[in-house]
Amino acid sequence: MAHLRLLAPLAGWCSSLEEAPDPVFAGRMLGDGVLIDPTSATVLAPCDGEIILLPATRHAVTVRAAGGIEVLIHVGIDTVGLGGEGFEQHTSPRAHVRAGEPLISFDMDVVAQRAKSLLTPVILTAGRGFGILRRCEDGPLRAGDFLMELAVGESDPRCVSDSTAGGVVRRMHVPFEHGIHARPAALLVNSIKRLAAEVQVSANGHQADARSTVALMSLGVSCGDEIVIEARGPDAHAAVEALAGVVGAGGSVAAAGAAGAPGGGASHRDAAASSAGGASRPDAAASCPGDASPPDSAMARLDGARVMHGVIASRGLAIGRAFRFGRPEVSVVEAGAGVPFEGTALENARAIVAAALRQRLETASSTGREIVSAHLELLEDPQLLASSNAWIAKGKSAGWSWRAALRVSVDALRDLNDSRMRERIDDLLDLETQVLLALQGAVPASTDIPRDAILIARDLLPSQLVSLDATRVGAICMAAGGSTSHAAILAAAMGIPALVALGPDVLEIENGTTLLVDANAGLLQVDPVEAVLREAQGRLAARRRQLAEAAAAAGAQCRTADGTRIEVFANVGSLAEAQAAVRNGAEGCGLLRTEFLFLERTEPPGESEQAARYQEIATAFTGHPVVIRTLDIGGDKPIPYLPLPHEDNPALGLRGVRTSLRNPDLLRVQLRAILGVRPFGQCRILLPMVTDAAEVRAVRRMVEEERAAMANASEVAIRVGAMIETPAAAMMAGSLARAADFLSLGTNDLTQYALAMDRGHAELAQRLDALHPAVLRLIAETTMAARTHSRTVAVCGGLASDPLAVPVLIGLGVEELSVVPSALGELKALIGTLDLRECRELARNALEQESAGAVRALLARRRESNAEVMR
Ligand code: PEP
Ligand code: MG
């Protein structure tokens, strides 16, 4: 048992923690400690240790000392609300500090005037097996004086759990990148749904019911903040474990939705590619270094016209007539017609909305599904329900009560002043409208929208967008909104050009006014002059012709101009995407990301559920191969019910096939489900994140065992392929080709690992380019090895959907591309113009370049000169 001495971090008056004007501190919910009324304004380190928490608001700091003891110094009470104003940091997270070193300083006047209190708790927040041996007397202290002495035993530096009278308590630090926002909140709520316990989560001096997503979000917990989970009741232990499991698995739960980066990350690039049916792709190339193609807009040159500037949310060009599309104003009466009547009315309305949402869940894209799921979760939120029922009990109408309950939560979220909560506010307002409409028996009809309407709105609700008939909408122009809002993401996914943040003037445009939306240049032109309109119509017509020709030809087998067969498959993640892919001419599915089945739930899908979903997708691709990738989780794609050990660097940890081999039962269920799909042989199995042939052989053995054990076992062996996503796999492609039946290059991960640049790193996003010669050389290595062993090699990463890259890939020997469904027609048409010999020459040249920029410049020059020849 060691001893640890803590020094006073501040000068001032020391007193008992019970005197803190906050029940969380006073009740020792965060841990034991003392209270200092400061007379000095620089917090000193109370001991040697590591800074493990220093939030952006700089109002608190936690030092972890030897033995895992964590000392939190929380300057003042309710100071998180100052948003960092008046605070200055002298150290940074993960820094190792010596006792007495300055950590943060603060402006006493600002804190005294703006916060609830200057009283500063010094708390021991974690460390199993410590005891306070002695502490200083209540009274005056100088900074650096003796504060307390601890006896330190065994410790767990990351969390501590102890049973208090009748309850179980656990403290943890939140690893979610964006704190407890909607998705982690929903996962936390889900994890304890079936457990009998009363569970509270406290943070930042506030407490929330762990069954309410709204309450959890309102805590305003940021990444790195400490939370205290406290449960009582028969399942208290299980509830704390379940919540801790979600937090422990955390880190990248948030990132799962936001994963991807330009040049590599699939999700962002895929979304961009699907926007405006591929219209965004030439622009993507146009912004490349060395690309001399002119911007796709003439708007900026116009004289005397009324032009508004907005932020591009979804690229494209559209001409149409203004159509004001507002959030329906639903009025409600305040007085109720009796508690039973109003209570039943609210129940029924919620049931109607829930049924409509569930139906939408069936057909929604993966982005739409996320939004609809969030709405379903909020619809069941116990806090919202309790609060509406309380109003009803006071004699108010169902509508008035529902609105009142939601508006309290909206205000609470607004008070957090956190831009990420904006979407949650939209979700709540959206849900308010849906239930109020259901109470009145009304449903907004998308058929009211005239053809080629340019929708003008302050900002659109996600549900309004999900229910729009996209074929009637030319473009969307919003006065408010941001380019990453749900509405913006949805517009892009639906292929509707959209501008946001146009300002309030846009709302003054009269219905029926002719508008030209150039969502490639961020411009809206009101009533354009005839010449401008004609020019834009010309561009639109040419673009439509091009896309129509591409779509018409998309059904045909794809060959280069000299007759080389190139199969063009689609990457899909749901039945809806599979159907869209088939319509767009996919010759098969080159990558079914099965994660969609496993995310956003509390337990894994069973064999029959998986088999049914795979069968639906295989049936949609009748007669064409479907490559089903086994579950690719871990790293940036965690699932809460499969807790993986804490990893300092999850991208280099248990991911893909490594996770599957570590959880063979989960893998075998999935293999049986795939083997159950008929006709046998249509499906192939693809293994993610392979590094050597032993992994392929291990899975193949399992496949064969499961096949042999099946009642109606087929004689035909199913094909098993390996993804080439790590430099190791590319360099060992020869032995992988011997062990596998086919290879598929995952250029998103291959690029992140080859360039050592995180695919989610915003600052490196510009440089994370799969056309880097280093990545191209790994691709070349793979195709050569595949040819030697007579294996096909596909590219299913984001690079395959980039028209600029396609000639190089073909030149390097790639025979199959698996791309986002919206890019199919255009890419097949492009391939039809290519000549294999030229592609090879281009690839050889690309491999010799010094950088991705130089490769892009080379490819852009080639494209320009080809366009010249065509003219
Ligand atoms: C890739 O890494 O290129 C790939 C296709 O897999 P994912 O994007 O799903 O990681
Ligand atoms: Mg990958």
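## A buried leucine in helix α28

At 2% relative accessibility, L827 is a buried residue, since buried means under 20% relative accessible area. The model described here is predicted. L827 belongs to helix α28, which spans residues 824-831.

Setting aside neighbours within four places in sequence, L827 is in contact with A800, S801, P803, V806 and V819. L827 can also be placed relative to D802: the two residues are 25 apart in sequence, and their C-alpha atoms are 8.5 Å apart in space.

## The protein as a whole

The protein has 871 residues, of which 56% count as buried. Its secondary structure consists of 30 helices and 35 strands.

How much of the contact network joins residues at least 24 apart? Among contacts between residues at least 6 apart in sequence, the share is 71%. The area that the protein exposes is about 34,900 Å², and carbon and sulfur atoms supply 52% of it.

## The shell around ligand 1

Ligand 1 has 15 residues around it, and those that come nearest are R593, R629, E725, G746 and N748. Sorted by class, this shell holds 7 charged, 4 polar and 4 nonpolar residues. Two elements, β29 (589-593) and α25 (747-755), each supply at least two residues of the shell. Of the elements that contribute, α25 gives the most, with 3 residues.

Which side chains place a polar atom 2.8 Å from an oxygen atom of ligand 1? R593 does so, and R629 has a polar side-chain atom at 2.8 Å from an oxygen atom of the ligand as well. The backbone also takes part: a polar backbone atom of D749 lies 3.0 Å from an oxygen atom of ligand 1. On its own, ligand 1 has 290 Å² of accessible area, and the protein covers 99% of it.

## The magnesium ion

Ligand 2 is a magnesium ion, and its protein donors are E725, through OE, and D749, through OD, lying 2.0 Å from the ion. The two donors come from distant parts of the chain, 24 residues apart. E725 sits in the loop between β32 (720-724) and α23 (727-731), while D749 is in helix α25.

Are these donors buried or exposed? E725 is buried, because its relative accessibility is 2%. D749 also has a relative accessible area of 2%, so this residue is buried too.

Both donors also appear in the description of ligand 1. E725 is one of the residues that come nearest to ligand 1, and D749 approaches an oxygen atom of that ligand through a polar backbone atom.

## A histidine in strand β7

H74 lies in strand β7, which covers residues 70-74. With a relative accessibility of 9%, H74 counts as buried. What lies 2.8 Å from a polar atom of the H74 side chain? The backbone oxygen of G76 is found at that distance.

When residues up to four places away in sequence are not counted, H74 touches F25, H59, A60, T79, L119, T120 and P121.

How values were computed: Residues numbered from 1 in each chain as written. Chains lettered and ligands numbered in written order. Predicted model: local features only at pLDDT ≥ 70, side-chain atom pairs only at ≥ 80, totals over all residues. Heavy atoms only, no water. Near = heavy atom within 4 Å. Polar contact = N/O pair within 3.5 Å; in protein donor to acceptor, adjacent residues only side chain to side chain. Areas by Shrake-Rupley, 256 points an atom, 1.4 Å probe, with all protein chains shown as cover. Helix = DSSP H or I, 4+ residues; strand = E, 2+ residues; numbered from the N terminus. Nonpolar A, V, L, I, M, F, W, Y, C, P; charged D, E, K, R; others polar. Buried < 20%, exposed > 50% of the residue type's maximum accessible area, 1.4 Å probe, protein only. Contact = heavy atoms within 4.5 Å. Donors = N, O, S within 2.8 Å, 3.2 Å for Na, K, Ca; no water.
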